[in-house]
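Ready for some practice with rings, charges and helices? Open the structure, keep it beside you, and work through each exercise before reading its solution.

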Amino acid sequence: MTAWIDGRPLTPRGGERVLEAARRLSIDLPALCSVPGLEPLGSCRLCLVEVEGRGDLQAACHLPLADGMRISTETPRLVEMRRGLLRLLMEESGARLAADPEGPPLSRWLARHGVSVAGATADSRADRSHPYLLYDPGRCVACRRCVEVCAEGPGRFVWSPGEEGSGPVECGAADLRHSDCVACGECVDWCPTAALSDRDREGAGAAPERVVRSTCGYCGVGCQVEVCVAGDRVQRIDGVREAAVNRGRLCLKGRYAHAWRASRDRLTQPLIRTGGDLEPASWEEAIARVAEGLDRIHRQHGPDALGTFTSSRSTNEAEYLLQKLFQVRFGTNHVDCCARVCHSSTALALRWATGAGAASASYDDIERARCIAVVGANPTEAHPVVGARILQAARAGVPLIVIDPRRIELADLAQLHLALRPGTNVELFHSLAQRLVQRGEVDREYLERRCEGWPELEALLAGMDGLGAAARCGVGEADLDRAAALLGGGPVLFVHGLGLSELTQGTDSVRALCNLGMLTGSIGRVGAGMLPLRGQNNVQGNADMGSLPGFLPGYQPVTDPEVRARLERLWGVPPPERPGLTIPEMLEAAKAGDMRALWIQGEDVAQSDPGESQVLAALEALELLVVQELFLTETGRRAHVVLPAAGWLEQDGTFTNGERRIQRVRPALDPPGQARPDWEVVCDVARALGLPWSYASPAEVMDEIARVAPHLFGGVSYRRLEQADGLQWPCRSPDHPGTATLHARGFLRGHGRLAAIAPLVAPEADVPGYPLTLVTGRVLQHYNVGTMTRRTPNLELAARDWLSLHPEELGRRGLRDGDAVAIESRWGRTQAQVRSSHRVPPGLAFLSFHHPETHTNRLIGPHRDPESQCPDYKVTAVRVAPLGPAGDGPS
Ligand code: FES
């Protein structure tokens, strides 16, 4: 099948329209009211083309390309007609835009069609209120592209047509800074006149010197980016339109928050503690100090005296090498990662239930889902690109159930919001399971064929007091019935977050959710299954690489003699057989004097882990603390050796996102000063310790990973990863396409395992004297402990952590928005400013943890999930009171 556009042949793709086909051939066909991926408005008529054999002109944005068609886009008749349309557009809009062959699209079309215009002049109405976006209404031609993409992308309605629908668009607030804008940059991407533009592109020159495709280093979504570089600076970051993960979309962190890279306080030189202070040193001195220190402690005190926390911000290759170093050189499994304090419960429960501690589903299942349940997650803030996909699916009519104590943004679009009491997840999920049984909506064929443990779970559900459970969860009977009716209709996509895993009963909460996944026949089906949203960019990969004390790369148990024997053949020495310690256990061992050396790669445990004073005491008790970091963090300040690291814009390697997709990370820029990529530094230390490591590149490391864990990564290589969308594991052989839906032909462990578990009362529920329940979490503008985002203009958008309370709770305490308060739990005390929010119900308090001065984690108690050791960040009893003259203590 062949068609021709301007004499150039191409094969029509199913459903493709002429405008899309022309874009495929890089033909710059003017088209003002059409944006790829959205239904064209068909009003501007600029895209009219001639079709051989048809007399009338056709709108290319609507015309399907068919076999044998011969299209002309640039005949004298078309050019003349477009010239007239463009002239009219400029006259009617009054926009001040220069005709410029190098300018934004409309400027180019004006120049090409010889339309003379008044030209650009500065407009006093230009809105410069936002740190990233600039809006000059004087350049707006009211094409409405921004109105469309804002609604269809992030799902906002920031822009609306101006006066009588023909004036410049308006943002519905005094200025852009105070509008609903989430700074995703989508409108800038599509504005044809640069009326909407990026402030950091001002004066940056039109064309970048080079464009590097890579993977975003914020959160576990794994958006594909094109980093445009000029000199030694990032000129801008664009989303990759063809990428399966993000389809060109980004959030404000991925697109704009890159100023940390050139921050003045980046670590640019190794530091060694001499006397009491950290002093600059050469790499040779730093490597020698690390190697000698580790070797001495190992010789004097044995393998249990050393451990490492690998970084979930680093690459798979660097993580693999660091855990391998501790395995082969020091014979210890004291290797752990930040998953311990976030999704360790998820990984454990999913592995227990299904055989794989990872998502069964993919992000593409969002659009294929029959029903979506978002549980203990706030995707539009913490994972905005995935959040927008869920939001759009709900808007398109997919039933959405939100289960979360807070009325998160997605709850506004949900058919049902179950605002459960924090920590009552197991009981709530059991209640829903009980109702599925009562309604006869359990997928019994699926259970019989694919699962085990049903008789035990059925007996437990049969004995449950349904009415009491609803009351304890704080959810109405009718709402539970409605939720069961929605879930019972067939496969469901369960999207969950840290609201489940960071609980004292975190592992059991995820197990109970997996029960629902199996009762509804969802796991292993397209458009359904389990899709945990992972926090850090490479936390999935870090666990995959063996940074867990009980597992070797690919989740191979350290206790399995066959696995150890196979790895001995590959590594030359057998990995140690005893499981190591988790992060909290290593810190306790350090405090007790048993753990003497720690290498912490890219993790600020002093800020991110609970029990701040205990963590600091543990770090200060160490004989050798090695910290590999971008900045001198609170943890780094306690180090004996600080190794300056390369960030995600400067590293070569791979990240694995939350849907098990391994994608390339490519260096767009050199690290500053003497900072170096993590994998190189680990290799240097290994060689200084006498290991014959000679990896020439991260690609070679990946080849080894494929041999070490062939059941998951056997077919993964850099050659294949050059494919646009990477590879989803398991990918077992060079011809294996990767796996979008895990457990499709049966569970990895054989049978899916149902869990008959008793719900427990959260230890911080109903503590006398502490009337509020504190939930901690992220906000849109910041990432984790803010090490990177606080060094960007995101700080202007969110300068502090706020304690959000329902207006009733403010009134009860005589508080107003912005008042400073003391927050006190049984474990610690801190201060913050309050903000009134209807999204937080009475009795609940929400506090983020992005700013070190907030000391959010001082409030967190010692409660942990007994299996995963994950701290309970989601249920803490607190009291709050005004600070200063109006109040002298929490109540
Ligand atoms: S793009 Fe406007 S009518 Fe086709």
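**Exercise 1.** Find the ring whose face R406 lies over.

*Solution.* Start at R406 and look for the ring beneath it: R406 lies over the face of F846. Next, check the distance, which is 3.7 Å from the ring centre. Keep in mind that this is a predicted model. Now try R800 in the same way: it lies over the face of W802, at 5.4 Å from the ring centre. Finally, compare with the cut-off: a charge sits over a ring if CZ of Arg is within 6 Å of the ring centre and within 35 degrees of the ring normal.

**Exercise 2.** Decide whether the aromatic pair of Y132 and Y256 is stacked or edge-to-face.

*Solution.* First, the overview: the structure holds nine aromatic pairs. For Y132 and Y256, the centres are 4.7 Å apart and the planes make an angle of 10°. Planes under 30 degrees apart count as stacked, and stacked is what this pair is. Then place the partners along the chain: Y132 is in the loop between α3 and β6, while Y256 is in helix α6, 124 residues away. As a last step, look at accessibility. Y132 has a relative accessible area of 3%, so it is buried; Y256, at 2%, is buried too.

**Exercise 3.** Work out how the rings of Y218 and Y783 are arranged, and which parts of the chain they tie together.

*Solution.* Begin with the geometry: the ring centres are 5.2 Å apart and the planes stand at 85°, so the pair is edge-to-face. Now locate the residues. Y218 lies in the loop between β8 and β9, and Y783 in the loop between β30 and α29, so the pair ties together parts that are 565 residues apart in sequence. To finish, check burial: Y218 is buried at 3% relative accessible area, and Y783 also counts as buried, at 3%.

**Exercise 4.** Name the members of the aromatic cluster that includes F551.

*Solution.* Starting from F551, add Y555, F713 and W729; together these residues form one aromatic cluster.

**Exercise 5.** Describe how helix α13 packs with helix α16.

*Solution.* Two numbers come first: the angle between the helices is about 145°, and their axes are 9 Å apart. Then add the handedness, which is left-handed for this crossing. Next, list the residues that meet: E427, L428, S431 and Q434 from α13, with G466, A469, R472 and C473 from α16. Sorted by class, this contact has three nonpolar, three polar and two charged residues.

How values were computed
Residues numbered from 1 in each chain as written. Predicted model: local features only at pLDDT ≥ 70, side-chain atom pairs only at ≥ 80, totals over all residues. Heavy atoms only, no water. Axes fitted to C-alpha atoms, helices over the stretch in contact; angles between N-to-C directions. Helix = DSSP H or I, 4+ residues; strand = E, 2+ residues; numbered from the N terminus. Left-handed = near helix turned anticlockwise from the far one by under 90°. Contact = heavy atoms within 4.5 Å. Nonpolar A, V, L, I, M, F, W, Y, C, P; charged D, E, K, R; others polar. Phe/Tyr/Trp six-rings, centres within 6.5 Å; stacked < 30°, edge-to-face > 60°. Buried < 20%, exposed > 50% of the residue type's maximum accessible area, 1.4 Å probe, protein only.
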